[in-house]
Protein chains: 2
Amino acid sequence: MKLSQGVEWSVHCAVLLAQGPPGTVASRRTLAGFYGLPEAYLAKHLKSLVRSGVLHATSGPRGGFRLARPAAEITVLDVVEAVEGEASAFVCTEIRQRGVCAIPAEQCVRRCTVDRIMQDADDAWRESLRGRTIGEIARGLSPEVRERSRGYLAENRPA
Amino acid sequence: MKLSQGVEWSVHCAVLLAQGPPGTVASRRTLAGFYGLPEAYLAKHLKSLVRSGVLHATSGPRGGFRLARPAAEITVLDVVEAVEGEASAFVCTEIRQRGVCAIPAEQCVRRCTVDRIMQDADDAWRESLRGRTIGEIARGLSPEVRERSRGYLAENRPA
DNA sequence: GGTGACTTACTCGGATACGGCGTGTCCGAGTACTGCAGG
DNA sequence: CCTGCAGTACTCGGACACGCCGTATCCGAGTAAGTCACC
């Protein structure tokens, strides 16, 4: 099991936007340059964030990405699910109903125990991420870092 | 993020072994047949379980796989980590130290907040799986299922 | 001077190649039983 | 009848192809500002 690196990029980008004043807009070039990321590839992930309603995008000059909601209302889970998808990491294929000792479907009234345990773990993981917000992360950064981020965002603000 | 299907197979196989009397041995052919799985591929995962010390393998006739410890002492996490590896799903690449606004390493005394949040979620996931054991699952199965499993294991017990 | 359209430069969005890991399979090394020959 | 040995059949273990999704990139569609001609 491995998370896409796009998750790290996306969360950091969201936090960066959250450090500026509300409504701060930054182009993908600006975002990629801040962290030294490949611009074209980062764009792919930003697009996913737009589709999921985490970011809002505007085209043309003065365009770019901004948070679609107040940073305090965007959970880390929102960002992760935007990139990785909302599907659970574990998918039960009901192998108990296959093979020579297949259990007839009518006997499978209870959900597969293995499935339930894996889903419980998945829920715990999501619940942990749901409890942390982008705004919380941005607010917890050191004043020096926040100051530098705000300066960069202001400099590269689309004219 | 997606878990290998080998996880499902491995957990079910461990549970199957746990349904028989302690020390029950089953060959990969027996295990694969029970669930209708491709024997050659299942073998790959069983090998991982042996490497991780979850199962114990013996060669030759009367050989096969058996649980390396009492089923109550084998957690679901043990099986999952055997197949998926113990590495965390999220790996922090310290992108805050890269790009035009790179934070000097000497200022990074605190661990990256994003990393900490992701690791917390990962820990919650693992903790959830660590609390459930193979033996617990086997004991919770319905008597009919357990009886059928025991019968199959006895029938296919290596002569 | 004001206004309108045009040019332009910048933005995002979808479509398109490449590569690594999970998926799937095979054959070889090792072992315990089985049958037989010899004592 | 007992014993030793060779053959055999079954087991696991490592090495070898294939396919899909993450990785990485590009070019086209759209937009708003700036500019210039015209009124």
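Colleague: Which element gives the most to the surface near DNA strand C?

Modeller: That's α3(A), with 4 residues. Keep in mind that this is a predicted model. Other elements join in too: α2 (28-35), β1 (55-58) and β2 (64-67) of chain A, plus α3 (39-51) of chain B, each supply at least two residues.

Colleague: How many residues surround DNA strand C, and which are the closest?

Modeller: To be counted, a residue needs a heavy atom within 4 Å of the strand. Here 23 residues surround DNA strand C, and the closest are A:Gly60, A:Phe65, B:Ser4, B:Gln5 and B:Tyr41. Sugar and phosphate make up 61% of the strand's atoms that come within 4 Å of the protein.

Colleague: And how do those residues divide by character?

Modeller: There are 8 nonpolar, 8 polar and 7 charged residues on the surface near DNA strand C.

Colleague: Which part of DNA strand C should I look at for A:Arg28?

Modeller: Look for a base oxygen: a polar side-chain atom of A:Arg28 lies 3.1 Å from one. On the other chain, B:Lys44 also has a polar side-chain atom 3.1 Å from a base oxygen of the strand. With A:Gly60, look at the backbone instead, where a polar atom is 3.0 Å from a sugar or linking oxygen of DNA strand C.

Colleague: Let's turn to the hairpin in chain B. How do β1(B) and β2(B) run, and how many bridges join them?

Modeller: Strand β1 (residues 55-58) and strand β2 (residues 64-67) of chain B run antiparallel, joined by 4 bridges. To find your place, go to B:His56, which stands opposite B:Arg66 in β2(B). The hairpin has 5 residues between the strands, and B:Gly60 takes a positive phi near 75°.

Colleague: Now the two protein chains. What area is buried between chain A and chain B?

Modeller: The size of an interface is often given as the accessible area lost when the parts come together. For chain A and chain B, about 4,700 Å² is buried, with carbon and sulfur atoms giving 68% of that. A:Met1, A:Glu8 and A:Ile95 supply 17% of what chain A buries against chain B, more than any other three residues. The contact takes 51 residues from each of chain A and chain B.

Colleague: How many salt bridges cross that interface?

Modeller: The rule finds 2. One of them pairs the side chains of A:Arg132 and B:Asp120, at 3.7 Å from N to O.

Colleague: Which helix supplies the largest share of chain A's side?

Modeller: α5(A) does, with 12 residues. The residues on that side divide into 32 nonpolar, 8 polar and 11 charged.

Terms used:
Residues are numbered from 1 along each chain as its sequence is written. Chains are lettered from A and ligands numbered from 1 in the order in which they are written. This is a predicted model: local features need pLDDT of at least 70, side-chain atom pairs count only at pLDDT 80 or more; totals for chains, interfaces and linings use all residues. Side-chain values use heavy atoms; hydrogens and water are left out. A polar contact is a pair of N or O atoms within 3.5 Å; within protein, one must be able to donate a hydrogen and the other to accept it, and residues adjacent in sequence count only if both atoms are side-chain atoms. Ala, Val, Leu, Ile, Met, Phe, Trp, Tyr, Cys and Pro count as nonpolar, Asp, Glu, Lys and Arg as charged, and the others, Gly among them, as polar. Two strands pair if DSSP finds at least two bridges between them. Contact means heavy atoms within 4.5 Å. Buried area is the accessible area (1.4 Å probe) that two parts lose on being put together, summed over both. A salt bridge is a side-chain nitrogen of Lys or Arg within 4 Å of a carboxyl oxygen of Asp or Glu.
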